[in-house]
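This report walks through one protein model, beginning with a single helix and then moving outward to what surrounds it. Please keep the sequence and the structure in view while reading.

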Amino acid sequence: MTYDLLIKDGRIIDGSGRPAFHGDVAVAEGKIVEVGRLDGAARRVIEADGRVVAPGFVDNHCHYDAQVLWDPLCTFSCYHGATTVIIGNCSLALAPVRAHGREKLAGMLSYVEAIPMDVLQAGVPWTWETFPEYMKAIGQRLGVNVGTLVGHSAVRLYAMGEECSERPATDGELALMRGVVREALEAGALGLSITRNMNHFDIAGKRIPAACAPESELFALADVLREVGTGVIQCGGGTNPELKDRLLSRLAQACGRQIMYNTLLEQARQPGRWRTHLAHVEETVRQGIRAVPLCNPGSIVNRFTMKNCQVFRSMPTWLPILQASDEEKMRAYRDPETRFSRDGTSRRSRRRRGRIRSTPSSIWRSTRSWRRSSASGKSIRTPTRSPRSSEVPTPSWGSRTGARTSSSTRTWATPPACSATG
Ligand SMILES: [Zn+2]
């Protein structure tokens, strides 16, 4: 036969797990029809010259939920050989959404994934409300395969509105959430994404809704996957609750579906912990439990500028600065009161109480532990505790309401009332 495409002399890695071998790959009518030493005619021949010929990679943890709407190739995953990307991870998604919740929902994706709000405002057309409508919207123009998870934070905002980071759901709200998850799965969602990452905040400084959900809600939503008989669960930040009381293992056992969670890694602050974690996973796998951590192929390094240093967002001194306009940030960085403010009290009042001796700027002091860990090139964690209202200082350098940022109007934080732990 005459092939449409013949790739000659490649180092073939076929994805089955067996070792690489040298050979040719023939394609006809969009399918691989032969692999081996081939010399048939072909309309097009590519000389691979020993380069790797492999199936496209699946980039299984991405946040292209917005970008896919204006960039159908999902760059730069495609440049790494990915032909499939999985979006909707870590509970973050752009559907379902009601019109009045759009900015709040986009703000979560913006803040957690460092995507500028003005980019989202310019590029997201919001032509959907439901998850199936969103899938239809992104399916109009795809350059790679895209799999979507339905994100718990979006679902919780949809069902509970502004109180989605404040309290447990009512029975009615939980029923609505279950219905939304079912609708998404039946429309083709790959599964559900949840999170136990307590360091993920929205623009206002509140924990994202999914991180505030009680365990009982996770089990109720996971049970929809059992009922429908399909889907996987992805969990952001699951290592702590898994090692503490096997949360993800229990969840996987309860619903019978596979769970992937973040992350098996080495950390400067917990050297060797990966060994304990890996031993734990080996034991649970032996028991037939399908809850496994993902691994990062590279080290995690935080880069930031003084315009956008989100890594400090759970620190009371920093939160209002991060929410301010660039001009107000500059004023704050210059302002002695702010520079010496550490826990919401002024320099003058702390001196009265004898708490200030010779003082470097506390803004910088509060970063010292960060610098120590970042110097080793490892990932860092901001404090897990969020500021209480009494700890969030009234800035002396800006107005407390209606602070204008470069991208959108942001209000000052109502500090988190979230009681979830993990
Ligand atoms: Zn993620």
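## Helix α6 and its two sides

In helix α6, the buried residues are E217, L218, L221, A222, V224 and L225, where buried means that 20 or more other C-beta atoms, placed from the backbone, lie within 10 Å of a residue's own, exposed that 12 or fewer do, and partly exposed anything in between. Viewed down the axis of α6, these buried residues fall within an arc of 130 degrees, so they line one face of the helix; the arc is that of the directions from the helix axis to the C-beta atoms. S216 and E227, on the other side of α6, are exposed. An α-helix has 3.6 residues a turn, so residues three or four places apart point the same way.

The 14 residues of α6 (residues 215-228) should span 20 Å at 1.5 Å a residue, and because the end C-alpha atoms are 21 Å apart, the two values agree; the expected span is 1.5 Å times one less than the number of residues. Just after α6, G229 takes a positive phi of about 80 degrees.

## How the model is to be read

The model is predicted, and local features need pLDDT of at least 70, side-chain atom pairs count only at pLDDT 80 or more, while totals for chains, interfaces and linings use all residues. Residues are numbered from 1 along each chain as its sequence is written.

Helices (H or I, at least four residues) and strands (E, at least two) are DSSP runs numbered from the N terminus.

## What α6 packs against

The buried residues of α6 pack against α4, α5 (171-187), β9, β10 (232-236) and α8 (247-255), with contact meaning that C-beta atoms placed from the backbone lie within 7 Å. Helix α4 (residues 152-160) in turn lies across β8 and β9 (191-195), running at about 45 degrees to β8, where axes are lines fitted to C-alpha atoms, for helices over the stretch in contact, and angles run from 0 to 180 degrees between N-to-C directions.

## The parallel sheet

An open sheet is formed by 7 strands in the order β6-β7-β8-β9-β10-β11-β12, with parallel pairing; two strands pair if DSSP finds at least two bridges between them. Its edge strands, β6 (57-59) and β12 (291-295), each pair on one side only.

Within this sheet, β7 (residues 82-87) and β8 (residues 145-151) pair in the parallel sense over 4 bridges, and V85 has V146 in β8 as its bridge partner.

Note on methods
Contact = placed C-beta atoms within 7 Å.
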